[in-house]
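Here is a short tour of one molecular structure, written for someone who likes to think in contacts and distances. Have the viewer open and follow along.

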Amino acid sequence: MENCLFCKIAAGIIPSTKVYEDDLILAFRDIAPMAPTHILVIPKTHIPSVDGITAENSAVVAHIFATIPAIAREEGLVNGYRVVSNCGSDAGQTVQHLHFHILGGKQLTLEMA
Ligand code: 5GP
Ligand code: ZN
């Protein structure tokens, strides 16, 4: 996808602080962390949001979730962590490329609404 920030990060055109990478996914540190540990995990393929997940492309989402525990362990998040994906404007999604936030390293508050 042209002009997609996270496609450019996935392609290495825009630099990021990588935490994990394989053929399918990339994890990197959020540029504006909201917790001591704030990592974004993205598929390298362009999926706009959770709304764009289908039976055809969901294998990469399963792969992301199979990898998140290892990333959390590597980051030392032994007391737990939160995984969040904002979908659409009501949720405050600002980058239109599917991403999962991993937040941890402090006691997180519940700000649901
Ligand atoms: P959203 O608001 O869509 O759920 O999350 C987008 C996230 O991407 C935000 O937490 C924001 O700080 C992060 N972000 C935006 N631009 C960049 C960037 O260029 N590099 C990195 N590493 N994170 C970014
Ligand atoms: Zn993209």
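How many bridges join E2 to strand E3 (residues 37-43)? Five bridges do so, and the two strands run antiparallel. Please keep in mind throughout that this is a predicted model.

## The sheet

Let's widen the view from that pair. Five strands make up an open sheet with antiparallel pairing, and their order is E1-E2-E3-E5-E4. At the edges sit E1 and strand E4 (81-84), each of which pairs on one side only. Going from one strand to the next, the twist averages 20 degrees.

Two pairings are worth a visit. Strand E1 (residues 18-21) and strand E2 (residues 25-29) run antiparallel and are joined by three bridges. Together E1 and E2 form a hairpin, with three residues between them. Within this pairing, Glu-21 has Leu-26 in E2 as its bridge partner. For the pairing with E3, look at Phe-28, which stands opposite Leu-40 in E3.

## The helix across the sheet

Helix H2 lies across E1, E2, E3, E4 and strand E5 (100-104). Relative to E3, H2 runs at about 155 degrees.

A handy residue to pick out here is Thr-67, whose place is in helix H2 (residues 59-74). Is Thr-67 buried or exposed? Thr-67 counts as buried because its relative accessibility is 8%, and the cut-off for buried is under 20%. A polar atom of the Thr-67 side chain lies 2.8 Å from the backbone oxygen of His-63. Leaving aside residues up to four places away in sequence, Thr-67 touches Tyr-20 and Ile-25.

## A buried glutamine in a loop

Now move to the loop between E4 and E5, where Gln-93 is found. Gln-93 has a relative accessible area of 9%, so this residue is buried.

Which backbone atoms lie beside polar atoms of the Gln-93 side chain? One is the backbone oxygen of Pro-48, at 3.0 Å from a polar atom of that side chain. Another is the backbone nitrogen of Gly-88, at 2.8 Å from a polar atom of the Gln-93 side chain. If residues up to four places away in sequence are not counted, Gln-93 touches Pro-48, Ser-49, Asn-86, Cys-87, Gly-88 and His-99.

## Around the ligand

Ligand 1 is surrounded by 16 residues, and the closest are Arg-29, Asp-30, Asn-86, Thr-94 and His-101. Asn-86 is also among the residues that Gln-93 touches.

Several polar distances are useful for a chemist's eye. An N or O atom in the side chain of Asn-86 is 2.8 Å from an oxygen atom of ligand 1. For Thr-94, a backbone N or O atom lies 2.7 Å from an oxygen atom of the ligand. A nitrogen atom of ligand 1 is 3.2 Å from a polar backbone atom of Ile-31. On its own, ligand 1 has 520 Å² of accessible area, and the protein covers 82% of that.

## An exposed residue at the ligand

Ile-31 deserves a second look. This residue is in the loop between E2 and E3. Ile-31 counts as exposed because its relative accessibility is 85%, with the cut-off for exposed being over 50%. A polar backbone atom of Ile-31 is nevertheless 3.2 Å from a nitrogen atom of ligand 1.

For a sense of scale, try a distance in your viewer from Ile-31 to Ser-89. These two residues are 58 residues apart along the chain, and their C-alpha atoms are separated by 20 Å.

Terms used. Residues numbered from 1 in each chain as written. Chains lettered and ligands numbered in written order. Predicted model: local features only at pLDDT ≥ 70, side-chain atom pairs only at ≥ 80, totals over all residues. Heavy atoms only, no water. Helix = DSSP H or I, 4+ residues; strand = E, 2+ residues; numbered from the N terminus. Buried < 20%, exposed > 50% of the residue type's maximum accessible area, 1.4 Å probe, protein only. Polar contact = N/O pair within 3.5 Å; in protein donor to acceptor, adjacent residues only side chain to side chain. Contact = heavy atoms within 4.5 Å. Pairing = 2+ DSSP bridges. Near = heavy atom within 4 Å. Areas by Shrake-Rupley, 256 points an atom, 1.4 Å probe, with all protein chains shown as cover. Axes fitted to C-alpha atoms, helices over the stretch in contact; angles between N-to-C directions.
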